[in-house]
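Hi everyone, thanks for making time for this. I have one structure to walk you through, so please have a look at it while I talk.

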Amino acid sequence: QSANDENSGGGGGGNGGVGGVGGNTWNSNLPRGGFGGSAYPANAGQVVLGGGGGAGARNNSSGIASTGGNGGGVVLIRAGLVTGNGAITADGGTGVQPANDGGGGGGGGGSVSVLSAGGGLAGLTVNARGADGTNADVAGSPHGPGGGGGGGVVILSEPPTAAPSVAGGINGTTNQGGTQIV
């Protein structure tokens, strides 16, 4: 097609987990959404930022609408001893909601590595979650929603009391005739 009016969704960013695929095109309902980011095989000596979500295709929105979410950051801590309670978050970000176009993919979760020679990680809470894909034209016709961001990576020298979360984000949704579809 020569017209830019299909408005498929952007794929979600990857890291520890694979990002979700962007939603189908608007008018023709073809599976042309952006691919999700790949999983990265991290280890204690090599981690990466979470991948940014892909932009949804657009022809009606202005400004930054339909953009994908930011990928999560990297936190590296090497210490002799860790004490007390604390939280570290390296979550991916959600994209900007479009008005009448394809939704952007959610950012992939980042990476957190905390290595302590003397232990003490029991009071640590760690999250490196993927963000949800943005919804697309929830009040009107079914444009492609964004794919969810893949979960991040957490590497710790010992387990904390609360299990770390590296959950992936969920895919965005859209509507067809007033009925929500995924």
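Let me start with a question: which residues make up the largest nonpolar core? In this predicted model, the answer is a set of 7 residues: Ile88, Ala90, Val112, Val114, Leu121, Leu124 and Val126. Strands β3 and β4, the latter covering 124-127, each supply at least two residues of that core. If you click on Leu124, you will find contacts with Gly86, Ile88, Val114, Leu156, Pro160 and Ala162, once neighbours within four places in sequence are left aside. Two of those partners, Ile88 and Val114, are named in the core as well.

Before going further, a word on confidence. The protein chain has a mean pLDDT of 91, and 93% of its residues reach 70 or more. Where is confidence lowest, and where is it highest? The lowest mean, 59, belongs to strand β7, residues 179-181, while the highest, 98, belongs to strand β5, residues 153-156. As a general reminder, predicted coordinates should not be read in detail where pLDDT is low.

Now to the sheet. Three strands form an open sheet in the order β1-β3-β5, and the pairing is parallel. The edge positions go to β1, residues 74-79, and to β5; each has a single partner strand, so one side of each is left without a neighbour in the sheet. From one strand to the next, the twist averages 0°. How many bridges join β3 to β5? There are 4, with β3 spanning residues 111-116 and running parallel to β5. One pair you can pick out is Ser111, whose bridge partner in β5 is Val153.

That pair takes us nicely to Asn15, since Ser111 and Val153 are both among the residues it touches. Asn15 sits in the segment before β1. Is Asn15 buried or exposed? Its relative accessible area is 0%, so Asn15 is buried, given that the cut-off for buried is under 20%. Its contacts beyond four places in sequence also include Ser38, Tyr40, Leu49, Gly109 and Gly152. There is a polar contact to look at too: the side chain of Asn15 reaches the backbone oxygen of Gly110 at 3.2 Å.

For those of you who like backbone torsions, here are two residues to check. Asn7 has a positive phi of about 50° although it is not a glycine. Ser66, also not a glycine, has a positive phi near 80°. Asn7 lies in the segment before β1, and Ser66 is placed in that segment as well. Both count as buried, with Asn7 at 2% relative accessibility and Ser66 at 1%.

My last stop is Asp132, in the loop between β4 and β5. With a relative accessible area of 36%, Asp132 is partly exposed. Which residues does Asp132 touch, not counting those up to four places away in sequence? They are Thr94, Gly106, Gly148, Gly169 and Ile170. With Ile170 there is a polar contact, where the backbone nitrogen of Ile170 lies 2.9 Å from a polar atom of the Asp132 side chain. Asp132 is also 8.3 Å from Gly12, C-alpha to C-alpha, although 120 residues separate the two in sequence.

That's my tour. Thanks for listening, and I'm happy to take questions.

Methods
Residues are numbered from 1 along each chain as its sequence is written. Side-chain values use heavy atoms; hydrogens and water are left out. pLDDT is the predictor's confidence in each residue, from 0 to 100. Two strands pair if DSSP finds at least two bridges between them. Axes are lines fitted to C-alpha atoms, for helices over the stretch in contact, and angles run from 0 to 180 degrees between N-to-C directions. Buried means under 20% relative accessible area, exposed over 50%, partly exposed in between (1.4 Å probe, protein chains only). A polar contact is a pair of N or O atoms within 3.5 Å; within protein, one must be able to donate a hydrogen and the other to accept it, and residues adjacent in sequence count only if both atoms are side-chain atoms. Contact means heavy atoms within 4.5 Å. A nonpolar core is a set of buried Ala, Val, Leu, Ile, Met, Phe, Trp, Tyr and Cys residues joined through side-chain atoms within 4.5 Å.
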